[in-house]
Amino acid sequence: MPAREFFEGLESRVDESKLTGVNNSYLFDIEGEGQWVVDVRDGKLTVNEGGGDADVTILSSAETFEKIRSGDQNPTTAYMTGKLKIKGDMGAAMKLQKLF
């Protein structure tokens with residue numbers, strides 16, 4: 001699934017019960033695919049295409065993003081090996097694992 005398709009359908013797929021207590025914004029910068037800001041506030045998730053300010057910026061190649069999304073790549077391992085770059089609030093970044 002291309003990153004665009006993933007982010008365009010994210011609002012309708014997310015389990016809102018997992019959003020409780022999360023109030024952070026995430027900028028996903030997927031090499032060759034684009035940028036999306038995912039904002040989680042008060043039990044709601046919104047996605048906007050394009051860059052912007054966020055608590056956490058996550059950078060990866062399209063290939064790495066797809067492997068993480070499909071479960072073929074552990075996000076922590078990807079980060080430790082430099083395939084996934086995270087800038088900003090690491091505590092907020094850790095919350096991502098329970099959201100998706």
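**Figure 1. A salt bridge along helix H1.** In this predicted model, Arg4 and Glu8 sit four residues apart in helix H1, so about one helical turn separates them. Their side chains meet in a salt bridge, with an N to O distance of 3.8 Å. That fits a general point: side chains of opposite charge can pair when their charged atoms come close. Count up the salt bridges in the model and you get six.

**Figure 2. The five-stranded sheet and its edges.** Here's the open sheet, with its five strands in the order E3-E2-E1-E4-E5 and mixed pairing. At the edges stand strand E3 (44-49) and strand E5 (84-88); each has a single partner strand, so one side of each is left without a neighbour in the sheet. Going from one strand to the next, the twist averages 20 degrees.

**Figure 3. E1 against E2, with H1 packed on the sheet.** Strand E1 (residues 24-31) pairs with strand E2 (residues 34-41) in the antiparallel sense, over seven bridges. If you want a spot to zoom in on, try Asn24, which stands opposite Val40 in E2. Helix H1 (residues 3-13) packs on the sheet and touches E1, E2 and E3. The direction of H1 makes about 145 degrees with that of E3.

**Figure 4. E4 and the strands it pairs with.** Which way do E1 and E4 run relative to each other, parallel or antiparallel? They run parallel, joined by six bridges. Asp29 stands opposite Leu59 in E4. With E5, E4 pairs in the antiparallel sense, this time over five bridges. In that pairing, look for Thr57, which stands opposite Lys87 in E5.

**Figure 5. Helix H4 lying across four strands.** Helix H4 (residues 90-99) lies across E1, E2, strand E4 (56-61) and E5. Relative to E1, H4 runs at about 80 degrees.

**Figure 6. The largest pocket and what lines it.** This pocket has a volume of about 550 Å³. Its lining is made up of 23 residues, and the ones nearest the centre are Ile68, Pro75, Leu84, Leu96 and Gln97. Which elements give two or more residues to the lining? They are H1, E1, E4, helix H2 (62-70), helix H3 (75-80), E5 and H4. H4 gives the most, with five residues. Sorted by class, the lining comes out as 17 nonpolar, four polar and two charged residues.

Key
Residues numbered from 1 in each chain as written. Predicted model: local features only at pLDDT ≥ 70, side-chain atom pairs only at ≥ 80, totals over all residues. Heavy atoms only, no water. Pairing = 2+ DSSP bridges. Axes fitted to C-alpha atoms, helices over the stretch in contact; angles between N-to-C directions. Contact = heavy atoms within 4.5 Å. 1 Å grid on protein atoms, 1.4 Å probe; cavity = no way out; pocket = protein on both sides within 12 Å on 5 of 7 lines; lining within 4 Å. Points joined across faces, edges and corners; volume = space filled by probe spheres on them. Nonpolar A, V, L, I, M, F, W, Y, C, P; charged D, E, K, R; others polar. Salt bridge = Lys/Arg side-chain N within 4 Å of Asp/Glu carboxyl O.
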